[in-house]
Amino acid sequence: SPDAAPPGEVPAHGAAVRTQRPAPRRVGGRRSLTIYDVAARLEHRLYMADPTRASIHDGCQLAIRYGLSGVVARPESVAMVGAQLAGTAVGVVTVPGWRDDDVEPLATRALHAEARRLSAEGATDLAMLATGQRLAVDGARRFADEVADLVEAMHACGTRVRVVLDTDGLTADATVTVCELLGSTGAWLVQGGSWRETARTGLSRLQVMRAALPDWVRLKWTYPVRSLDSMMICIAEGVDVFNGDPESILKDAARRVDLCPLVVPVRELDY
């Protein structure tokens with residue numbers, strides 16, 4: 001799509017929101033990444049710190065300095081974050097209904113009203129939370145319809161919609177079914193895993209999701225990636241966007257590109 005935003009950028013208001021993957025660079029027949037490509041796959045979690053004016057300013061400046069894909073903030077911080085990032089390529093991600101440590105279910109009218117408010121305050125990316133309880137209604141079709149409705153409502157203002165899928169407790173078959181439904185909603189990204197400290201979705205489940213989602217739908221792993229090596233393997237498996245410690249990962253990437261290209265490994269050859 002000629003209107004698609006480059007990695008790490010947010011489409012202008014009114015632009016199409018379908019996002020293509022970047023064309024890979026090749027080194028000896030293999031994909032390679034620059035440090036900027038790595039940064040464009042990372043999102044910074046501003047909600048991990050107290051949402052003070054100072055912490056928000058510092059987090060936003062970090063995202064701008066490194067050229068991160070976006071920052072993830074609570075709804076009450078969006079106006080301040082949006083003001084800090086206005087005019088930059090760094091996106092503002094939030095979740096309507098996010099209150100304290102939980103996300104409350106919102107009726108369609110309330111969901112759309114909050115979504116419009118958050119978009120006006122600077123949110124460029126709104127997430128809908130897909131829990132087992134919500135997916136159990138009508139075989140997840142009602143939830144998929146709600147996602148599609150929000151995508152349509154937000155299209156006019158250029159705000160993208162993603163889905164955060166709680167994969168804990170879902171079988172592989174159920175994960176495939178849900179991803180196939182979500183792939184037709186217009187959501188630009190599906191995020192898999194768990195945000196609970198006691199649970200973790202392994203790479204095998206992300207592989208299932210990647211295979212079930214259309215190629216143009218990007219995939220994010222909820223669990224923070226711990227190293228550049230792990231990130232590169234996940235990229236090889238089709239994961240596009242990550243949580244993690246941007247400074248640590250990008251420092252490692254900068255050190256390595258001084259020696260050789262960052263080459264994406266090949267399954268069954270390199271790992």
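**α2 against α3**

I started with how α2 and α3 sit relative to each other, keeping in mind that this is a predicted model. Their axes come within 10 Å and cross at roughly 40 degrees. Angles under 35 degrees would count as roughly parallel and 65 to 115 as roughly perpendicular, so I have the two helices down as oblique to each other. For my own orientation, α2 covers residues 53-66 and α3 covers residues 78-85. I also checked the hand: α2 passes α3 in a right-handed crossing.

Next I listed who touches whom. From α2 I get Arg53, Ile56, His57, Cys60, Gln61 and Ile64, and these meet Met80, Val81, Gln84 and Leu85 of α3. Sorted by class, that contact has six nonpolar, three polar and one charged residues.

**Ser77, just ahead**

Is Ser77 buried or exposed? I looked because Ser77 is in the loop between β4 (70-72) and α3. Its relative accessibility is 7%, and buried means under 20%, so Ser77 counts as buried. Ignoring neighbours within four places in sequence, I find Ser77 in contact with Pro51 and Ile56. Ile56 had already turned up on my list of α2 residues that meet α3.

**What α3 lies on**

I followed α3 to the strands. It lies across β4 and β5, and runs at about 170 degrees to β5. β4 and β5 themselves are a parallel pair with three bridges. One bridge I noted puts Gly70 with Gly91 in β5.

**The whole sheet**

How many strands does the open sheet have, and in what order? I count eight, in the order β3-β4-β5-β8-β9-β10-β11-β12, with parallel pairing. The edges are β3 (43-45) and β12 (241-244), each of which pairs on one side only. From one strand to the next the twist averages 25 degrees.

**β8, inside that sheet**

I spent some time on β8, residues 125-130. On one side β8 pairs with β5 (residues 91-94), parallel, over two bridges. There, Thr94 stands opposite Leu126 of β8. The partnership with β9 (residues 160-166) is also parallel and has six bridges. In that pair, Leu129 is opposite Val164 of β9.

Then burial. Six of the six residues of β8 are buried, so I wrote the strand down as largely enclosed by the rest of the structure. I checked the faces separately and both are covered. Asp125, Ala127 and Leu129 are buried on one side, and Leu126, Met128 and Ala130 are buried on the other.

**A second helix pair**

I went on to α4 (residues 108-121) and α6 (residues 141-155). They pack at an angle of about 40 degrees, with 11 Å between their axes. α4 passes α6 in a right-handed crossing. On the α4 side the contact uses His112, Ala115, Arg116 and Ser119, and on the α6 side Asp149, Leu150, Ala153 and Met154. By class I get four nonpolar, two polar and two charged.

**Overall numbers**

Last, I pulled the totals. The protein has 10 helices and 13 strands. Of its 271 residues, 49% count as buried. I also looked at contacts between residues at least 6 apart in sequence: 69% of them join residues at least 24 apart.

Conventions. Residues numbered from 1 in each chain as written. Predicted model: local features only at pLDDT ≥ 70, side-chain atom pairs only at ≥ 80, totals over all residues. Heavy atoms only, no water. Axes fitted to C-alpha atoms, helices over the stretch in contact; angles between N-to-C directions. Helix = DSSP H or I, 4+ residues; strand = E, 2+ residues; numbered from the N terminus. Parallel < 35°, antiparallel > 145°, perpendicular 65-115°, else oblique. Left-handed = near helix turned anticlockwise from the far one by under 90°. Contact = heavy atoms within 4.5 Å. Nonpolar A, V, L, I, M, F, W, Y, C, P; charged D, E, K, R; others polar. Buried < 20%, exposed > 50% of the residue type's maximum accessible area, 1.4 Å probe, protein only. Pairing = 2+ DSSP bridges.
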